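Got your viewer open? Let's take a walk through this protein, one selection at a time.

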Amino acid sequence: SGNGSRSVHLGRPWMKLPFEKTREELIKVGRLAFSLNLTDSHGGNISARKGNWILIKKRGCMLGSLKKSDFVLTTIEPNEFLDRHASVELKVHRSIYQKVKHANAVIHLHSPFTVAMSLKKEVIVPEDSEGKFLLGEVPVLSFSQTISSDEVAKTLPEYFSKGVKVCVVKNHGLFAVGETVEESLKYASCLENSCRIMFFAG
């Protein structure tokens with residue numbers, strides 16, 4: 001039957017999931033982000049751009065235990081069929097890829113020290129040497145809607161296009177971009193570390 005032949009085909013090597021290496025990178029970085037306490041169990045999302053394609057975490061999957069099948073492959077332009085199981089933050093990731101040429105990866109995390117700092121500041125200026133060197137000043141942006149927000153999707157690319165590495169959405173979390181998936185984590189982790197240092201320094 002059709003179903004039987006389909007299951008046989010899916011077992012063949014040439015039917016591997018597309019962009020397998022990128023999936024492995026996303027899995028590695030997602031697990032690291034969770035193990036480093038950069039987000040909560042079901043919070044945050046991660047994606048990579050491959051040409052005109054976006055590979056993004058599925059809605060509801062945990063960053064700390066991702067599998068190769070836990071990603072949605074969709075297009076740079078909206079695609080109602082392909083988008084339907086993607087993270088709710090897809091619109092933000094997509095807008096960044098459409099408008100920021102050097103962004104090949106986006107990570108969004110609910111990092112606790114960063115979110116706490118966002119409640120007090122309109123800009124986060126790291127006081128440690130590493131944070132100053134890598135990030136400079138980090139904008140904290142306030143929006144009426146923070147989750148799956150058209151406002152966020154419209155605004156963040158303007159900052160990333162100017163060379164900002166990380167933006168913080170007040171009361172919600174950070175978005176970081178990179179030329180690689182690992183680079184996006186580097187900036188996100190650096191900011192959270194800087195915020196932690198400032199917290200303990202008083």
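Which residues does Arg-196 touch, not counting residues up to four places away in sequence? Select Arg-196 and show its surroundings: the answer is Leu-36 and Phe-113, where contact means heavy atoms within 4.5 Å.

Before moving on, a word about what you're looking at. This is a predicted model, in which local features need pLDDT of at least 70 and side-chain atom pairs count only at pLDDT 80 or more, while totals for chains, interfaces and linings use all residues. Residues are numbered from 1 along each chain as its sequence is written, and side-chain values use heavy atoms, with hydrogens and water left out.

**Stop 1: Arg-196 and its helix**

Keep Arg-196 selected. With a relative accessible area of 24%, Arg-196 is partly exposed, because buried means under 20% relative accessible area, exposed means over 50%, and partly exposed is in between (1.4 Å probe, protein chains only). Now add Glu-25 and draw a distance line: the two C-alpha atoms are 26 Å apart in space, and the residues are 171 apart in sequence.

Next, select residues 181-201. That's helix α8, the home of Arg-196. Helices (H or I, at least four residues) and strands (E, at least two) are DSSP runs, numbered from the N terminus. The end C-alpha atoms of α8 are 31 Å apart, which agrees with the 30 Å that its 21 residues should span at 1.5 Å a residue; the expected span is 1.5 Å times one less than the number of residues.

Colour the buried residues of α8; among them are Leu-185, Ala-188, Leu-191, Cys-195 and Met-198. An α-helix has 3.6 residues a turn, so residues three or four places apart point the same way. Just after α8, click on Gly-202, which takes a positive phi of about 85°.

**Stop 2: Pro-126**

Jump to Pro-126, in the loop between β5 (123-124) and α6 (129-135). Is Pro-126 buried or exposed? It counts as buried, at 1% relative accessibility. Show its contacts, leaving out residues up to four places away in sequence, and you'll find Gly-131, Lys-132, Gly-136, Ser-194 and Met-198. You've already coloured Met-198, one of the buried residues of α8. Try another distance line, from Pro-126 to Gly-136: they are 10 residues apart in sequence and 7.1 Å apart in space, C-alpha to C-alpha.

**Stop 3: helix α4**

Select residues 90-99 to see α4. Here 7 of the 10 residues are buried, so α4 is largely enclosed by the rest of the structure. The buried ones include His-93, Arg-94 and Tyr-97.

**Stop 4: two asparagines in loops**

Select Asn-37, in the loop between α2 (20-35) and β1 (45-50). Its phi is near 60°, a positive value in a residue other than glycine, and at 53% relative accessibility Asn-37 counts as exposed. Then go to Asn-171, in the loop between β7 (166-169) and β8 (173-178). Phi of Asn-171 is near 70°, again positive, and its relative accessible area of 56% makes Asn-171 exposed.

**Last stop: zoom out**

Clear your selections and show the whole protein as a cartoon. You can look for 8 helices and 8 strands. Along its principal axes the C-alpha trace spans about 65 × 30 × 25 Å. Of the 202 residues, 47% count as buried.
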